[in-house]
Amino acid sequence: MPGVSEVASIGGFVKQYQVTVDPTKLRAYNLSLNEVSQAIQRSNGEVGGRSLELSEREFILRVKGYIENLDDLKKVAVGVGANGVPILLRDVANIQFGPDMRRGIADLNGDGETVGGIVVVRYGANASKVIQAVKQRLDQAMKSLPPDVKVTVTYDRTALIDRAVATLEEKLIEESIVVALVCLAFLLHLRSALVAIIILPVAVLIAFLVMFGQGISSTSCRWAALPSPSARWWMRSSS
């Protein structure tokens, strides 16, 4: 999505192909565990890397292989039996899906484990527009998930942005009124007081016009010194 730098996942499991070899069947087919391992590597081409820490973030390197489902893995030939009949992986092992090694877990309000995600706004983007677009895209994505899966928003900057804008409007009005009263009280001249009264909103307006011309939003200026996620949600199945 435009304006989104990344979506970082928290908790949950990563799907993994797991092969549980039966030693008895290996002995019956006169195969070794090393031969089975090499056959899987040759058929898949999956290459795992290592984890790198860059800018206080951890990246796991991995090259995607050719296996797309369990049936592809079950049909891998690990050897040749009697009369030239190939020995398939399903003949000597149990193949199933399972979780990969976990790097952490997530909990929501002490109710148990859950799956979460953090949307990070790109630097300089309009945070308010990005958050609204994320909510619309999230509503579309929820239609493809099971009905018992729900989304709970735990942190949203929309309310903070709205309060900041409301505070700015309130303070500008208050300061304009105070300046007008002070000028009238000390100058006792309406036209002279108008000079100071008009300068305050005009100066703010000129600043906003310059920001608009440069494509800078007030929300991005507010958060430039303190980058933080724009929205965080947690997904949970009611079952």
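## Helix H2

On one side of H2, Gln41 and Arg42 are exposed. This assignment comes from a predicted model. On the other side from these two residues, Val36, Ala39, Ile40 and Asn44 of H2 are buried. The buried residues cover an arc of only 115 degrees around the axis, which puts them on the same side of H2. An α-helix has 3.6 residues a turn, so residues three or four places apart point the same way.

The helix covers residues 33-44, and its 12 residues should span 16 Å at 1.5 Å a residue. The end C-alpha atoms of H2 are 17 Å apart, which agrees. The buried residues of H2 pack against strands S2 and S5 (77-80) and against helices H1 (23-28), H3 (70-74) and H4 (89-92).

## Aromatic pair

The count comes to 1 aromatic pair. Tyr17 and Phe97 form this pair, with 5.1 Å from centre to centre and 50 degrees between the planes. The pair is classed as tilted because its angle lies between the limits of 30 degrees for stacked and 60 for edge-to-face.

Tyr17 belongs to strand S2 (residues 15-21) and Phe97 to strand S7 (residues 93-99), so the pair links distant parts of the chain, 80 residues apart. Both rings belong to partly exposed residues: the relative accessible area is 30% for Tyr17 and 38% for Phe97.

## Charges over rings

Phe97 also has Lys15 over its face, at 4.8 Å from the ring centre. At Phe13, the charged end of Arg102 sits over the ring, 4.0 Å from its centre.

Terms used:
Residues are numbered from 1 along each chain as its sequence is written. This is a predicted model: local features need pLDDT of at least 70, side-chain atom pairs count only at pLDDT 80 or more; totals for chains, interfaces and linings use all residues. Side-chain values use heavy atoms; hydrogens and water are left out. Rings of Phe, Tyr and Trp (its six-membered ring) pair if their centres lie within 6.5 Å; planes under 30 degrees apart count as stacked, over 60 as edge-to-face and the rest as tilted. Helices (H or I, at least four residues) and strands (E, at least two) are DSSP runs, numbered from the N terminus. Buried means under 20% relative accessible area, exposed over 50%, partly exposed in between (1.4 Å probe, protein chains only). A charge sits over a ring if NZ of Lys or CZ of Arg is within 6 Å of the ring centre and within 35 degrees of the ring normal. The expected span of a helix is 1.5 Å times one less than its number of residues. The arc is that of the directions from the helix axis to the C-beta atoms. Contact means heavy atoms within 4.5 Å.
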